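Thank you all for coming. I would like to walk through one structure with you, so please have the sequence and the model open in front of you as we go.

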Amino acid sequence: MHNCISFTPTIQKNLSSKNNIAKWNETLDSYDNKDYRQAIYNLFDYIDEDILKHYANADRSQIVIPQGSAVVIVDIGADTISIKTPFVKLPADKQLPILRKCTELNFGSMSLPQIFLEGDTLSLSYSMPVELCEPYKLYDTLRDMATNADKYDDEFVSKFGATRIMDPQISHYPDEQLQEIQTNVIAIADEALKYAAYYESKRDLLTAGDSLFIGINRIKYYADPTGVLNNKLSDAISSFYNRSNDINAKIKTMRGALEAVKNLTLAESKDAFCITYQLIPLKSNASRGYLKDWIAKQYEYAESLVNKENYSMAAMYNLYTLYVILADFNIDENSSKAIEYSLKKAADKPWAEAAPILLKAMKFFYLNEQEVFDMEEAESVATETPAFDTEAYMKGINGIVDQYKSMIGNFMKGFAKN
């Protein structure tokens, strides 16, 4: 454990957000000019210019957006916008445990949206006057509802026997590639557990916790897990951030999540690692300017550790920060290349060599002066696992849209009767 951890590049390199950056500026301008309805339309064009084309009604007063196995229903009135996300139907025999869980979520995890029961359907719901649809607020509300619907439909189906309102449109990896993905995520989990055990033996519980946290974020960056496994990993990260938990509780939760990864069967991996058709990205968008502000304290602390020649802790702190960026944010190509290049170059090197390499990547964001990261090698990061065939996937989007339109039509007919 005297060297930096290894690096495994993502298998979803080209599956980036379809956001139209120019439309974001138009959204802000429309809102500032109090043209609130146009600001809402511009926001949807920013998310994906196909949304209004494929999923709005004739007068664009209602937009029904597919999101995995859930549906985001946006009703735009003269004075109010209402957003509803139906995601599961209750089973007849286990309603009480689900409703108890919903109450817990409404008073705990949820911010603006709340879970409501309408007939036998659970929905996330939120309404506000159109003049309060500040673009950042509206975007975050839509993403929050999409994220929670995507998360809790899987949990309610697996734990309580609830029924999804629609089948998600999923593209599975070929068997040979799935086997390689499973092998790699198990290797990442195993490496994190070994580093944690080493630091625990040295009574360095904080670095042990960091090792597990980095391992979880490496898996999220590498293969973007979905469903029950993603919930388990996300809950472990939430436990890590929870200040009321002591370090032993955090380590126990994160170790349990990584042990679950190590014990994945091939069938479980098929469900956990796949591409789900989603229009609202679950990751936050982050510009270089935003990352500069976010990374400032992390960079300054890591730099102080390098100056004190505490290379192992500096490198771990850098890894912690850089993998959070890759796992949690949609970033531009130059930014992702800077991080991936540095992680690859530092991998398996002694801590004294790895720490300055990783700090250089941190400095790229901290200063935010260079347009392109200065790489010593001309070649880009090699993809060890065959990349997902994005081109073939995108060619199939039209068929997926047609299927979703049919399913949405059938769902809305039934939903209107409730």
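Glu191 forms a salt bridge with Arg218, the closest N and O atoms being 2.8 Å apart, where a salt bridge is a side-chain nitrogen of Lys or Arg within 4 Å of a carboxyl oxygen of Asp or Glu. This pair links distant parts of the chain, since Glu191 sits in helix H6 and Arg218 in helix H7, 27 residues apart. Helices here (H or I, at least four residues) and strands (E, at least two) are DSSP runs, numbered from the N terminus. Both Glu191 and Arg218 are buried, and in these terms buried means under 20% relative accessible area, exposed means over 50%, and partly exposed lies in between, with a 1.4 Å probe and protein chains only.

I should say at once that this is a predicted model, in which local features need pLDDT of at least 70 and side-chain atom pairs count only at pLDDT 80 or more, while totals for chains, interfaces and linings use all residues. Residues are numbered from 1 along each chain as its sequence is written, and side-chain values use heavy atoms, with hydrogens and water left out.

Staying with helix H6, Asp190 and Lys194 also meet through their side chains in a salt bridge, at 3.1 Å from N to O. These two residues both lie in H6, four residues apart, which is about one turn of the helix. Are they buried or exposed, or something in between? Asp190 counts as partly exposed because its relative accessibility is 22%, and Lys194 is partly exposed as well, with a relative accessible area of 47%.

Glu200 pairs with Arg255 in another salt bridge, and here the closest N and O atoms are 2.5 Å apart. This pair, too, links distant parts of the chain, with Glu200 in helix H6 and Arg255 in helix H9 (residues 247–262), 55 residues apart. Glu200 is partly exposed at a relative accessible area of 28%, and Arg255 is partly exposed at 29%. Elsewhere, salt bridges that share partners join Lys101, Glu104, Glu155 and Lys159 into one network. The count for the model comes to 14 salt bridges.

Let me come back to Glu191 and Arg218, which both appear in the lining of the largest cavity. A cavity is defined on a 1 Å grid over the protein atoms alone, as a set of points where a 1.4 Å probe fits but cannot get out, and its lining residues have an atom within 4 Å of a point. How many cavities of 30 Å³ or more are there? The count comes to one, and about 50 Å³ of space lies in the largest cavity, where grid points are joined across faces, edges and corners and a volume is the space filled by probe spheres set on the points. Helix H6 (175–201) and helix H7 (205–223) each supply at least two residues of this lining, and the residues lining the cavity also include Ile5 and Met316. The lining divides into six nonpolar, two polar and two charged residues, with Ala, Val, Leu, Ile, Met, Phe, Trp, Tyr, Cys and Pro counted as nonpolar, Asp, Glu, Lys and Arg as charged, and the others, Gly among them, as polar.

Now to the strands, where two strands pair if DSSP finds at least two bridges between them. Strand S1 (residues 62–67) is joined to S2 by six bridges, and the two run antiparallel. Their hairpin has two residues between the strands, and in it Gly68 takes a positive phi near 65°. Strand S2 (residues 70–76) then pairs with strand S3 (residues 80–89) in the antiparallel sense over four bridges, and a hairpin of three residues joins S2 to S3. Ile73 shows how S2 faces two neighbours, for Val64 stands opposite Ile73, and Lys84 in S3 is a bridge partner of Ile73. S2 is mostly covered, with six of its seven residues buried.

S3 has further antiparallel partners, pairing with strand S5 (residues 121–129) over nine bridges and with strand S6 (residues 163–164) over two. Thr80 stands opposite Pro129 in S5, while Val88 has Arg164 in S6 as its bridge partner.

A last word on the cysteines: the count comes to zero disulfides, a disulfide being a pair of cysteine sulfur atoms within 2.5 Å. Cys4 counts as buried because its relative accessibility is 2%, and Cys133 is buried at 4%.

Notes. On a 1 Å grid over the protein atoms alone, a cavity is a set of points where a 1.4 Å probe fits but cannot get out, and a pocket is an open set with protein on both sides within 12 Å along at least five of seven lines; lining residues have an atom within 4 Å of a point.
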